[in-house]
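Reader: I should like to learn how to read helix packing and strand pairing in a model. Please take me through an example.

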Amino acid sequence: MSSESPSDPPLLRVEDLYKRYGDEEVLNGVSFDMDAQDVQVLVGPSGSGKSTLLRCVNRLTEFEGGRIALDGTPTDEMDENDLRRQVGMVFQDFNLFAHLTAKRNVMLGLRRVRGHSKEEAEARALEELEQVGLGDQADSYPAELSGGQQQRVGIARALAMDPKLMLFDEPTSALDPELIGEVLGVMRDLADQGMTMLCVTHEMGFARQVATDIMFLEGGHLVEHGPPEQLFENPRHERTAQFLDRLTSLHGGDHG
Amino acid sequence: MAERAAGTDADSASGSRARFGDRDVGTLATYLAGALFWGWIFLRWLNDWSGGVFVPARQAFVPPSLFRGVAAGVPVVGGAFEALAFAFEYAPALVNALWLTVVLTVVSIALGFVIAVPLAASRVYGRVSAWVSVAYIELLRGTPLLAQLFVLYYGFPWLTRFFRGLPGVGQGVLPGQAVFVAVIGFTLNSAAYQAEYIRGAIESVAPGQLVAARSVGLSRVEGVRFVVLPQALRYAIPGWTNELVYLVKYSSLAAFITVPELFRAAQNIASSNYRYTSMFVLAAVLYLGVVVTATNLMEYVGRRVAVPGISGGEGR
Ligand SMILES: Nc1ncnc2c1ncn2[C@@H]1O[C@H](COP(=O)(O)OP(=O)(O)OP(=O)(O)O)[C@@H](O)[C@H]1O
Ligand SMILES: [Mg+2]
C-alpha cells in the first residue's frame with residue numbers, strides 16, 4: 001500500500017468523457033481520477049448527469065467520447081460482464097430481485113457469475129448479510145423488509161462480487177428519514193475498511209466526515225473538485241457555495 | 001406491501017378455523033368431486049384400452065337398465081332416472097372421446113408455452129426479432145383458428161401424409177394423423193395468445209431489476225432468465241389460466257378436420273339417436289368438469305409459487 005509510486009495507474013481514471021442523449025449533451029468533457037480507498041462524493045442539481053456518469057463507469061450506458069480505465073485497463077477493452085462484476089452498484093430504488101429472499105438475492109451473482117457452488121454461495125451470502133447487520137433476515141423476501149433493510153441487502157449483493165469499486169446512486173434518497181442512518185452507517189463502515197467508493201448523495205454530513213473529495217457537477221461539467229474542507233469553506237465558484245449551502249440546510253443532518 | 005402480505009396470511013389462518021368454517025368443507029367437496037370425476041374417467045380409459053377389464057369396452061360400469069327399471073316404476077321423479085339411464089348409456093363413448101380433447105389441450109398448451117416464452121421475450125427485448133414476434137403474434141391472433149386448422153389440414157396435404165407415414169400413427173394408443181395436425185394448429189395459435197399474456201407480465205416487472213442483474217455481471221439473457229421470467233410467469237398465471245380454459249373448449253374445432261374428439265363424438269352419436277340436446281348437454285358436463293379442474297389446478301399452482309409481494313395477477 002505504502003509503496004504506491006506516482007506512476008501507478010489510478011484505480012479509476014475518467015478522461016474527457018462526453019455523453020449525449022439525442023441532441024441533449026449530458027456530459028461535456030468530464031475528467032477525474034480515483035485512487036484505491038478514495039471515497040468521492042458527487043453532487044449536482046437534478047439532471048446534471050450524475051447517474052449518467054455512474055452508468056458510464058460500469059458501461060450500463062455507452063458514451064460517445066473519452067476514456068474510462070479501471071486499474072489501468074480501458075473499460076472498452078474489457079468484457080462488459082466482467083467489468084460489471086468488478087464494479088458494484090447500489091441504486092436509489094434498491095432494485096432487489098423481488099422473487100428471491102435476501103440470501104438468494106446475494107447468491108444469484110455468486111452462482112451465475114462467479115460460478116460458486118450452492119454451499120459456497122450460501123456461506124458467502126450469509127457472511128455479507130452479517131456484514132450489513134442482516135444475518136437474521138436472510139430468509140425474508142424484499143416485500144417483508146423495510147427500505148433501509150432492502151438497501152442494505154442491495155449493498156451486500158454488490159459486495160459479494162468482491163468489487164474493486166462501489167458506485168452508489170443516491171442510496172438514501174428513497175428512504176424515510178429515520179432509516180437513512182442505518183444505510184449511511186454501513187457505507188461508513190465500508191469506507192473505514194478501505195473500499196473505494198463513488199457516491200452520488202445529498203447527505204452532507206456523510207460527505208464532510210467520510211469523503212476524501214467532493215465533486216460538483218453542473219450542466220455536464222465538473223465545476224469544482226476538491227477535499228470537503230475546501231469545497232465547504234473556500235469554494236472557488238459562487239455556484240458551488242450556493243449549492244452546498246442549500247444541500248446542507250436540506251440534508252445536513254448527521255444520520256450516521 | 002409487507003403489511004398487506006401479512007394481513008392476508010392472518011386472515012386465511014383465522015378464517016379457516018372460525019369464520020369461514022364452511023369454506024374448508026367446500027374445498028374438501030371440490031377435491032372429492034374432482035377425485036370421483038377423474039377416478040371414473042381414468043377407470044373408463046383403463047377399461048376401454050385394455051379391451052374391458054371391468055366391463056366390456058364402452059359399456060357403463062352400472063347398467064343403464066337399472067335406472068330404466070326405477071324410472072318405469074316411480075311416477076314423479078321417474079324422469080330424472082330416465083335421464084340418468086341416458087347418461088350412463090352414452091357417457092362411456094364420450095369419455096373415450098374426451099381422451100383426445102385432453103391430449104389436444106395439454107400437448108398444445110405445453111408446446112405453445114415453450115414457443116410463447118421466447119416469443120414474448122423477443123417482443124420485449126429484441127430488435128429484429130421483436131418485429132418477427134409481432135408479425136407472428138398478430139397474424140395468428142388476427143385470423144380465425146378454424147381457418148388456420150383448414151390451411152394446415154387441407155392446404156398442406158403433405159403434412160397429413162407425413163404424419164400418416166410415421167410408424168404406429170393411428171394404431172393402438174397413438175392417435176391418427178389429423179390429431180397431429182390439430183396439435184400443430186392449436187400449438188401455433190395458442191403460442192401467440194400465451195405470448196401476449198407473458199409479454200404483459202414481463203412488462204410489469206420493474207425494469208430496474210434487470211439493470212441490477214446486469215450490474216452484478218449477469219448477461220442480458222441471464223438477467224431475463226433468472227430475474228425477469230421467474231416473476232413474469234407468476235404474474236402471468238391468471239391470464240394463462242384463461243388461455244388454458246379457452247383451449248379446452250376450442251379443441252372442439254378439431255372436429256372440423258375429422259378428429260373424433262368429445263364434440264364430434266357427441267355429434268356423431270346424436271345423428272343416430274336424434275337426441276341432440278341431451279348429447280350436447282352430456283358433452284358440456286364433461287367439458288365443464290375439465291375446465292373446473294384446470295382452473296382449480298392453476299389456482300393451486302398459483303398459491304404454491306406465490307412469494308410475499310408477488311402472486312399471480314398482481315403487478316399489472
Ligand atoms: N435513458 C435516457 N434517455 C434519454 N435521456 C436521458 C436518459 N437518461 C437520462 N437522460 C437525460 O440526461 C440528463 C441527465 O440525467 P441523469 O439521470 O444523469 O441526471 P442526474 O444528475 O442523475 O439527476 P437526478 O438528480 O434527478 O437523479 C437528464 O436531462 C435526463 O433527462
Ligand atoms: Mg440520478
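Author: The following turns treat a helix pair, a hairpin and some annotated spans. The model is predicted, so local features need pLDDT of at least 70 and side-chain atom pairs pLDDT 80 or more, while totals for chains, interfaces and linings use all residues. Residues are numbered from 1 along each chain as written, chains are lettered from A and ligands numbered from 1 in written order, and side-chain values use heavy atoms, without hydrogens or water.

Reader: How do α4(B) and α10(B) cross?

Author: Two packed helices are described by the angle and the distance between their axes. Here α4(B) (residues 78-125) and α10(B) (residues 220-250) have axes that come within 10 Å and cross at roughly 140°. Helices are DSSP runs of H or I, at least four residues, and strands runs of E, at least two. The pair is therefore oblique (neither under 35, nor 65 to 115, nor over 145 degrees).

Reader: Which residues of α4(B) and α10(B) meet?

Author: Among them are Phe113(B) in α4(B) and Trp240(B) in α10(B), contact meaning heavy atoms within 4.5 Å.

Reader: How do β1(A) and β2(A) pair?

Author: In a regular strand the side chains alternate between the two faces of the sheet. β1(A) (residues 12-21) and β2(A) (residues 24-34) pair in the antiparallel sense over eight bridges; pairing requires at least two DSSP bridges. Lys19(A) stands opposite Leu27(A), and in the hairpin turn Gly22(A) has a positive phi of about 60°.

Reader: What is the helix content of residues 98-121 of chain B?

Author: That span is 100% helix, with end C-alpha atoms 34 Å apart.

Terms used: Axes are lines fitted to C-alpha atoms, for helices over the stretch in contact, and angles run from 0 to 180 degrees between N-to-C directions.
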